[in-house]
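Please read the sequence alongside the coordinates and follow the paragraphs below in order. They go from strand pairing to the core, the disulfide and the charged side chains.

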Amino acid sequence: MEEGTTNKVRTAGRNNGLVVAMCLSFVVGMSAMCAAAVPLYRIFCEVTGFNGTTQRVDQASSIILDKPIKVTFDANVAPGVPWDFKPMQKEVNPKIGETIEIRFVAENKSDQPTRGQAIFNVSPVEAGAYFNKVQCFCFNETDLAPGEKREMPVVFYVDPEITKAEETKTITALTLSYTFYPRDGAKPVASNEGAATKAAQKKL
């Protein structure tokens, strides 16, 4: 084989290797972007209230309007979560800006420890940015031992600013919905952990 032909073959081989490396880098990069997309999208929703996502706040409202708003509750479990999950109150009628606590109850109906994570939203979706949670079981994963039943509080208020925005000022009723999805790595809940949870709930 002539030297010129050999050099062409070597050059073609290097080019092919470069193309393969670029393709692999693209695949790895796209996989990383896909993995990051879900948490980034959730953070975006929580910050903006997009798609009915509620807001998380550290303190209660200092303004309470003399105007009630009806809040109803919806509870669901996804396939793979063997729980009975429901609100302890079907609805409440707090004043806008008033901080209120309601409770949900979950019971593990299986003979195995299970773990779930609650995903939440508010409808109508325009109201999500004004629904503020001070405390919620949905902030963390929930472990339930076999047959365990637990009450879980949600402390929230509806921001008075909801009455000023053009798209929300006529809203008089909201629905807060939760769906528990399964999480891997469930483990038995220690008895002292359950006692600590109940003690913390009594202080609320």
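In this predicted model, Q117 has its bridge partner in β10, and that partner is Y181. The pair belongs to a longer contact between two strands: β6 and β10 run antiparallel to each other and are joined by eight bridges. Strands of a sheet pair through backbone hydrogen bonds, in either the parallel or the antiparallel sense. Both senses occur around β10, since β2 pairs with β10 in the parallel sense, also over eight bridges. Within that parallel pairing, N76 is matched with T179 of β10.

What is the order of the strands in the open sheet? The sheet has five strands in the order β4-β2-β10-β6-β8, and its pairing is mixed. At the edges are β4, residues 91–92, and β8, each of which pairs on one side only. On the β8 side, the neighbour is β6, which covers residues 114–123; these two strands are antiparallel and three bridges join them. One of the residue pairs here is G116 with T142, the latter being in β8.

G116 also comes up when β10 is followed to P182, a residue placed in that strand. The C-alpha atoms of P182 and G116 are 4.5 Å apart, although 66 residues separate the two in sequence. Leaving out residues up to four places away in sequence, P182 touches A78, P79, G80, V81 and R115. Is P182 buried, partly exposed or exposed? Its relative accessibility is 38%, so P182 counts as partly exposed; the buried class would require a value under 20%.

The next topic is the nonpolar interior. The largest nonpolar core has 34 residues, and those with the most contacts inside it are F85, F104, F137, F156 and Y178. Several strands give two or more residues to this core: β2 (70–77), β3 (83–87), β5 (100–108), β6, β7 (131–136), β9 and β10 (173–182). Three of the sheet strands described above, β2, β10 and β6, are therefore among the contributors. In a regular strand the side chains alternate between the two faces of the sheet.

The C-terminal residue of β7 brings in the disulfide. The structure holds one disulfide, and this link joins C136 to C138 with an S to S distance of 2.3 Å. The angle about the S-S bond is 130°, and the link is right-handed. A disulfide is a covalent bond between the sulfur atoms of two cysteines. Are C136 and C138 buried or exposed? C136 has a relative accessible area of 5%, so this residue is buried. C138 is buried as well, because its relative accessible area is 1%.

The charged side chains come last. Side chains of opposite charge can pair when their charged atoms come close. The structure holds 11 salt bridges. One of them is between E148 and R150, with an N to O distance of 3.0 Å, and both of these residues are buried. E148 sits in the loop between β8 (142–144) and β9 (149–158). With a relative accessible area of 17%, E148 is classed as buried because the cut-off is under 20%. The E148 side chain also reaches the backbone nitrogen of A145, at 2.8 Å.

Two other salt bridges involve lysines. K164 and E161 meet at 3.3 Å, N to O. K164 counts as exposed because its relative accessibility is 59%, whereas E161, at 38%, counts as partly exposed. K169 and E166 meet at 3.2 Å, N to O. In this pair the lysine is partly exposed, since K169 has a relative accessible area of 36%, and the glutamate is exposed, since E166 reaches 58% relative accessibility. Elsewhere, salt bridges that share partners join R115, E141, D143 and R183 into one network. R115 from this network is also one of the residues that P182 touches.

Definitions and conventions
Residues are numbered from 1 along each chain as its sequence is written. This is a predicted model: local features need pLDDT of at least 70, side-chain atom pairs count only at pLDDT 80 or more; totals for chains, interfaces and linings use all residues. Side-chain values use heavy atoms; hydrogens and water are left out. A salt bridge is a side-chain nitrogen of Lys or Arg within 4 Å of a carboxyl oxygen of Asp or Glu. Buried means under 20% relative accessible area, exposed over 50%, partly exposed in between (1.4 Å probe, protein chains only). Helices (H or I, at least four residues) and strands (E, at least two) are DSSP runs, numbered from the N terminus. A polar contact is a pair of N or O atoms within 3.5 Å; within protein, one must be able to donate a hydrogen and the other to accept it, and residues adjacent in sequence count only if both atoms are side-chain atoms. Two strands pair if DSSP finds at least two bridges between them. A nonpolar core is a set of buried Ala, Val, Leu, Ile, Met, Phe, Trp, Tyr and Cys residues joined through side-chain atoms within 4.5 Å. A disulfide is a pair of cysteine sulfur atoms within 2.5 Å. Contact means heavy atoms within 4.5 Å.
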